[in-house]
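I opened the model to look up its strand pairing, one helix and one surface patch. My notes follow in the order I took them.

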Amino acid sequence: MLSSEIEIDIRFSETDAMGVVWHGNYLKFFEDGREAFGREFGLEYLTIFDKGYFTPIVKSEIDHKASVFYGQKIKVITKFVSSKAAKIMFEYQVINLSTNEICAVGKTMQVFLDRETRLLELLTPEFYRVWKENYQV
């Protein structure tokens, strides 16, 4: 399974009045993880865009396990989940590096939309099929 890791310092603006990371920011952390994965494995958003596609999120899940506070650091582990369908799926773990606790786990699913027509691509785009073959996923 392909996976990538990124460390993130928690900023004041990412917390609520109690100093706890606001729950909605976990989707941003997942995006940070996807971008790091894309840089590491050649599946960046701009590469996909240049191939003629958008990849919107159509499903996301988050299970919150423990709090993260302002001033702490997290690690986001992003794992690629292979599928025969024309979609990109990831699983995530967010780990508080101050406590070594798993703070959240989640999943996202993206589909391919043609950049010009914005129609859903039902068949796996050729560039993505080749990418998967190159990484044997």
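I started with the sheet: β5 and β6 run antiparallel and are joined by 10 bridges. Helices (H or I, at least four residues) and strands (E, at least two) are DSSP runs, numbered from the N terminus, and two strands pair if DSSP finds at least two bridges between them. I95 has I102 as its bridge partner in β6. Four residues lie between the strands of this hairpin, and N100 has a positive phi near 60 degrees.

I noted for the file that this is a predicted model, where local features need pLDDT of at least 70, side-chain atom pairs count only at pLDDT 80 or more, and totals for chains, interfaces and linings use all residues. Residues are numbered from 1 along each chain as its sequence is written, and side-chain values use heavy atoms, with hydrogens and water left out.

On β3 (residues 57-64), I found seven bridges to β6 (residues 101-111), again antiparallel. I57 pairs there with Q110.

Next I took α3 and asked which of its residues are buried (under 20% relative accessible area with a 1.4 Å probe, protein chains only; exposed is over 50%, partly exposed in between). They are F127, Y128, W131 and K132. Seen down the axis of α3, they fall within an arc of 135 degrees (taken from the directions from the helix axis to the C-beta atoms), so they line one face of the helix. Just after α3, Q136 has a positive phi of about 55 degrees.

Last, I checked L120, which sits in the loop between β7 (113-114) and α3 (126-135). L120 counts as partly exposed because its relative accessibility is 48%.
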